[in-house]
Amino acid sequence: MEEEILIKGKKNLKSYFAMMGIVILYTAIYSSSFFAFNICNSMLDFLFIIMFSMLLIFILIMGLKITLSYFNDEVYLTNKAIILKRGKKTFNFPLEDVIKLRCAVGIFGVISIRTRKVKKYLVFSCENAGEFYHKYIEAREQIPDIPPEHDKENPLAFVLVMLAFVAVICVDIFQDKLDSMPAPDFVQQENNEINYE
């Protein structure tokens with residue numbers, strides 16, 4: 001059976017503007033919140049500032065990924081593989097190696113490809129994401145003895161975030177203990193030494 005293209009992901013300018021509008025809105029909200037509550041009097045305030053900064057950086061990275069995907073990505077589905085062209089690079093994912101394909105239908109049109117190497121590839125602003133998904137299901141049914149889709153998540157990011165939270169909480173507790181310890185009155189000690197002389 002020869003390989004043939006079943007469907008190509010179609011880009012939608014309205015979807016791109018809608019997604020970028022949401023990114024700009026969230027950036028404005030988090031930026032104004034960050035500057036409005038930028039008071040660092042305790043470790044908890046510092047934690048909130050770090051979290052706001054991380055969310056802001058994440059939102060800006062998502063905006064960059066959406067823009068790069070709209071202008072650089074092309075996704076094709078053949079009867080044997082999913083082909084993703086990203087700028088000058090071309091990725092060929094045989095259907096046997098795709099463990100999860102999810103498509104967000106509607107104004108956003110996101111295609112999410114997860115491979116056996118636990119790598120995730122996102123393609124944004126595809127107006128025919130729903131049709132792409134149905135063609136993908138039909139193509140998988142034509143391949144004999146193909147393993148079923150399954151979730152295989154990489155927990156490394158979650159573990160790192162949890163370790164960061166534990167570290168911040170431990171530092172906060174340690175700082176509270178230091179604050180509650182009585183500090184010596186050096187001025188009084190110096191006066192006592194002078195009196196003894």
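In what order do the four strands of the open sheet run, and is their pairing parallel or antiparallel? I put this to the model, which is a predicted one, and I read the order as S1-S2-S3-S4, with antiparallel pairing.

**Entry: the sheet.** I looked up the edges next and found strand S1 (5–8) and strand S4 (89–94), each of which pairs on one side only. I then took the angle between neighbouring strands of this sheet, which are turned by 20° against each other on average, direction ignored. For one pair I went into detail: strand S2 (residues 73–78) and strand S3 (residues 81–86) pair in the antiparallel sense over five bridges, and within that pair I noted Asp73 opposite Arg86 in S3.

**Entry: the chain as a whole.** I counted five helices and seven strands in the chain, and, reading from the N terminus on, I wrote the elements down as β-α-α-β-β-β-β-β-β-α-α-α. Of the 197 residues, 29% count as buried, while the chain exposes about 13,600 Å², with carbon and sulfur atoms supplying 64% of that area. I also checked how far apart in sequence the contacting residues lie: among contacts between residues at least 6 apart, 60% join residues at least 24 apart.

**Entry: the helix on the sheet.** Which strands does helix H3 lie across? I found that H3 (residues 129–141) lies across S1, S2 and S3, and that H3 runs at about 35° to S2.

**Entry: the cores.** I kept in mind that nonpolar side chains tend to be buried together in soluble globular proteins. The largest nonpolar core here has 21 residues, and those that touch the most other members are Val75, Ile82, Leu95, Leu101, Ile111, Ile113 and Phe132. I traced which elements each supply at least two residues of this core, and I listed S2, S3, strand S5 (98–104), strand S6 (110–115), strand S7 (120–123) and H3. The largest share, four residues, comes from H3.

I followed Val75 further and, leaving aside its neighbours within four places in sequence, found Val75 in contact with a set of residues that includes Ile7, Lys8 and Gly9, as well as Ile82, Ile83, Leu84, Ile111, Ile113 and Phe132. Val123 and Cys126 are also among the contacts of Val75.

Which residues does the second core include? I noted that this core is separate, that it has 10 residues, and that Tyr16, Met19, Ile66 and Tyr70 are among them.

Technical notes
Residues numbered from 1 in each chain as written. Predicted model: local features only at pLDDT ≥ 70, side-chain atom pairs only at ≥ 80, totals over all residues. Heavy atoms only, no water. Pairing = 2+ DSSP bridges. Axes fitted to C-alpha atoms, helices over the stretch in contact; angles between N-to-C directions. Contact = heavy atoms within 4.5 Å. Buried < 20%, exposed > 50% of the residue type's maximum accessible area, 1.4 Å probe, protein only. Areas by Shrake-Rupley, 256 points an atom, 1.4 Å probe, with all protein chains shown as cover. Core = buried A, V, L, I, M, F, W, Y, C linked by side-chain atoms within 4.5 Å.
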